[in-house]
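Please look at the chain below and follow it from one end to the other before reading on. The paragraphs after it are meant to be read slowly, with the structure kept in view.

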Amino acid sequence: MIVIKVHTLDNNWSDFEGTEPISLLEVEDSEMMSFPEDIHYKLKATLVTGGILVEGMVETKINAQCGRCLENFSTQIINNKVCHFYEDVTSDDLDITEDIREDLLLNLPINPLCSNDCQGICLTCGINLNKESCNCDDKNSGDDIWGDLDKIKFEK
């Protein structure tokens, strides 16, 4: 749990740094993505008019399968723009765990890519085009999956 003791805060920034187990994300490992490291956070908090402001960074590492070439790779998932405002705080323990969890989950890729310029696999022969080139005639001339839509005749 990531908890800030409100009584320790004043108008100056107070730093909070730590590590939480990856189980905080409540996401199970799969063939497509796994989480080999804990969550690391570096936050700062201050009292402001009307509440408490928390800013900082949260990160973890993922092992994923590229959505284009199907190769496995590792990358850091980082949110450097954590920013939350809490008003009407009535307890001395301000639990920000769920907000930090959401900040990290929103940065997980829907379709992980090993690199932005990943060429993927050839649709004809299945060769990883990042590692070698193939001799297929035209890589883009495969079956036109939308071609049948052009044949539809609409009545006026």
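What follows is a walk through this model, from its confidence to its core, then to one helix and its charged contacts.

The model is a predicted one, and a careful reader begins by asking how confident the predictor was. The protein chain has an average pLDDT of 91, and 95% of the residues reach a score of at least 70. Confidence is not even along the chain: the highest mean, 96, belongs to strand 5, which covers residues 51-65, while the lowest, 82, belongs to helix 2, which covers residues 147-150.

With that in mind, we can turn to the interior. In soluble globular proteins, nonpolar side chains tend to be buried together. In this model the largest nonpolar core is made of 30 residues, and the ones with the most contacts inside this core are Ile-4, Leu-43, Val-54 and Ile-96. The elements that supply two or more residues to the core are strand 4 (39-48), strand 5, strand 6 (72-87) and helix 1 (97-105). Strand 5 contributes the most, giving 5 residues.

It helps to stand at one of these core residues and look around. Which residues is Leu-43 in contact with, once its neighbours within four places in sequence are left aside? The residues in contact with Leu-43 include Ile-2, Phe-16, Val-54, Met-57, Val-82, Ile-96 and Ile-100, and Ser-14, Asp-15, Glu-55 and Gly-56 belong to the list as well.

One of those contacts, Ile-100, leads us to helix 1, where Thr-97, Ile-100, Arg-101, Asp-103 and Leu-104 are buried. Viewed down the axis of helix 1, these buried residues fall within an arc of 160°, and they therefore line one face of the helix. The buried residues of helix 1 pack against strand 4, strand 5, strand 6 and strand 7, the last of these being residues 93-95.

Helix 1 also holds Glu-98, which is partly exposed, with a relative accessible area of 41%. The C-alpha atom of Glu-98 is separated by 8.8 Å from that of Met-1, although these two residues are 97 residues apart along the chain. The side chains of Glu-98 and Arg-101 meet in a salt bridge, with 3.0 Å from N to O. Because Glu-98 and Arg-101 are 3 residues apart in helix 1, they are separated by about one helical turn. An α-helix has 3.6 residues a turn, so residues three or four places apart point the same way.

Arg-101 deserves a second look, for this residue is buried, with a relative accessible area of 14%, and the cut-off for that word is under 20%. Its side chain also meets that of Glu-26 in a salt bridge, at 3.8 Å from N to O. That pair links distant parts of the chain, since Arg-101 sits in helix 1 and Glu-26 in the loop between strand 2 (14-20) and strand 3 (33-34), 75 residues apart. Taken together, Glu-26, Glu-98 and Arg-101 are joined into one network by salt bridges that share partners.

How many salt bridges does the structure hold? There are 5 salt bridges in the structure, and one of them is formed by Glu-71 and Lys-131, whose closest N and O atoms are 3.4 Å apart. Glu-71 lies in the loop between strand 5 and strand 6, whereas Lys-131 lies in the loop between helix 1 and helix 2, so the pair ties together parts that are 60 residues apart in sequence. Glu-71 is partly exposed, with a relative accessible area of 31%, while Lys-131 counts as exposed, at 60% relative accessibility.

The last stop concerns the backbone. Most residues other than glycine have a negative phi, and most peptide bonds are trans. Glu-26, already met as a partner of Arg-101, has a positive phi of about 60° although it is not a glycine. Asp-88 likewise is not a glycine and has a positive phi, of about 55°. Is each of these residues buried or exposed? Glu-26 is exposed, with a relative accessible area of 63%, and Asp-88, which lies in the loop between strand 6 and strand 7, is exposed too, with a relative accessible area of 66%.

How values were computed: Residues are numbered from 1 along each chain as its sequence is written. This is a predicted model: local features need pLDDT of at least 70, side-chain atom pairs count only at pLDDT 80 or more; totals for chains, interfaces and linings use all residues. Side-chain values use heavy atoms; hydrogens and water are left out. pLDDT is the predictor's confidence in each residue, from 0 to 100. Helices (H or I, at least four residues) and strands (E, at least two) are DSSP runs, numbered from the N terminus. A nonpolar core is a set of buried Ala, Val, Leu, Ile, Met, Phe, Trp, Tyr and Cys residues joined through side-chain atoms within 4.5 Å. Buried means under 20% relative accessible area, exposed over 50%, partly exposed in between (1.4 Å probe, protein chains only). Contact means heavy atoms within 4.5 Å. The arc is that of the directions from the helix axis to the C-beta atoms. A salt bridge is a side-chain nitrogen of Lys or Arg within 4 Å of a carboxyl oxygen of Asp or Glu.
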